[in-house]
Amino acid sequence: MVEIRTVGVVGAGQMGGGIAHVAALAGYEVALYDVSLELATKGIAKIAANLERQVAGDKISASDRDAALARLKPADGVGALASVDLVIEAATEKEEVKRRIFQQICPILKPDAILASNTSSISITRLASGTDRPERFLGIHFMNPVPVMKLVELVRGIATDDAVFEASKAFALRLGKTLTVSEDFPGFIVNRVLMPMINEAIYTLHEGVGTIESIDTSMKLGANHPMGPFQLADFIGLDTCLSIMQVLHDGLADSKYRPCPLLVKYVEAGWLGRKAGRGFYDYR
Ligand code: CAA
């Protein structure tokens, strides 16, 4: 029986911070690792602010917040991952970055530690093959914002061990999430459906069918989406949207997944969405 008691999260950004947040709240001891102690500490400050929002909204108590914060430690170097049972990588959505991280951390991890990627579209089987433990590797894909969104997509690589998969299921259920299982194909389920919708919204703008505001309002009020496609793309990050479209286009070799040239142009301009202060909307 594989049991997960302690968790390491690699990447203290929006996704990594959210994963560390929900894991600590569910009772796991969590080490949050990033390239520097300063970034990991900043990540924990952001988590503290988000826990506060949950206290203000009566979602959790002040003592739940304090207990979660006490379980969260910023990692001062990769050594902090040496004793954890599960590591979830939530770094940039770039395959070479993820591969480099796995090469760096695998020699430090316990031999039986489970290694998971929060990748939103890259092949789990291929990522696993770049590690020393393909049978203890899988995809655990969270949605943004992690503390609010109920879904976790679990993705089994070709070599993933059944006991590892079951332990990861139990972990995600303990976080209070609803699980879906996706086979390992580009974009899995959520992004196979969501990203072409966002890309099509950008084509709709590019071809002059409607303005950003009219397309967003149409989808919010006409399809009951909580955010319009441009608001959502800015929220996810346009670089992430482009990377996912490229994975779909390359992996499925179908022109229907061609990234819209306007999306490419925005990313080339550095207009990456909310995090950059500018995307389809201006946040400055
Ligand atoms: N941490 C904790 N709580 C948070 C939070 C966070 N990071 N972000 C929002 N909240 C809470 C707020 O405090 C608020 O709580 P109360 O109800 O207690 O007031 C609640 O969530 C709603 O937030 P807001 O009032 O600020 O705003 P909203 O009602 O407009 O909701 C939203 C914001 C939840 C983001 C909503 O707009 C939404 O659901 N948008 C769609 C998000 C979505 O589709 N995400 C998936 C993206 S795809 C993905 O992640 C996969 C991928 O691989 C790219």
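Helix H2 is the top contributor to the shell around the ligand, giving three residues. The model behind these values is a predicted one, and the description below starts at the ligand and then turns to the helix packing.

Who sits around the ligand? A total of 19 residues do, and those that come nearest are Lys59, Ser120, His141, Asn144 and Asn191. Sorted by class, the shell comes out as ten nonpolar residues, seven polar ones and just two that are charged.

Three of the nearest residues also show up in polar contacts with the ligand. On the side-chain front, Lys59 places an N or O atom 2.6 Å from a ligand oxygen, while for His141 the corresponding distance, again from a side-chain N or O atom to an oxygen of the ligand, is 2.8 Å. Asn144 goes about things through its backbone: an N or O atom there lies 2.8 Å from a nitrogen atom of the ligand. As for cover, the ligand on its own has 1,000 Å² of accessible area, and the protein covers 67% of that. Besides H2, which spans residues 37-56, the elements that supply two or more shell residues are helix H7 (190-206) and helix H9 (229-236).

Back to H2, this time for its packing against another helix. Its partner here is helix H3, residues 62-71, and the two axes lie 9 Å apart at an angle of about 160°. With angles over 145 degrees counted as roughly antiparallel, H2 and H3 therefore fall into that class. As for handedness, H2 and H3 make a right-handed crossing.

Conventions
Residues are numbered from 1 along each chain as its sequence is written. This is a predicted model: local features need pLDDT of at least 70, side-chain atom pairs count only at pLDDT 80 or more; totals for chains, interfaces and linings use all residues. Side-chain values use heavy atoms; hydrogens and water are left out. A residue is near a molecule or strand if one of its heavy atoms lies within 4 Å of it. A polar contact is a pair of N or O atoms within 3.5 Å; within protein, one must be able to donate a hydrogen and the other to accept it, and residues adjacent in sequence count only if both atoms are side-chain atoms. Accessible areas come from the Shrake-Rupley method with a 1.4 Å probe; for residues, only the protein chains shown count as cover. Helices (H or I, at least four residues) and strands (E, at least two) are DSSP runs, numbered from the N terminus. Ala, Val, Leu, Ile, Met, Phe, Trp, Tyr, Cys and Pro count as nonpolar, Asp, Glu, Lys and Arg as charged, and the others, Gly among them, as polar. Axes are lines fitted to C-alpha atoms, for helices over the stretch in contact, and angles run from 0 to 180 degrees between N-to-C directions. Angles under 35 degrees count as roughly parallel, over 145 as roughly antiparallel, 65 to 115 as roughly perpendicular and the rest as oblique. A crossing is left-handed if the near helix is turned anticlockwise from the far one by less than a right angle, and right-handed if clockwise.
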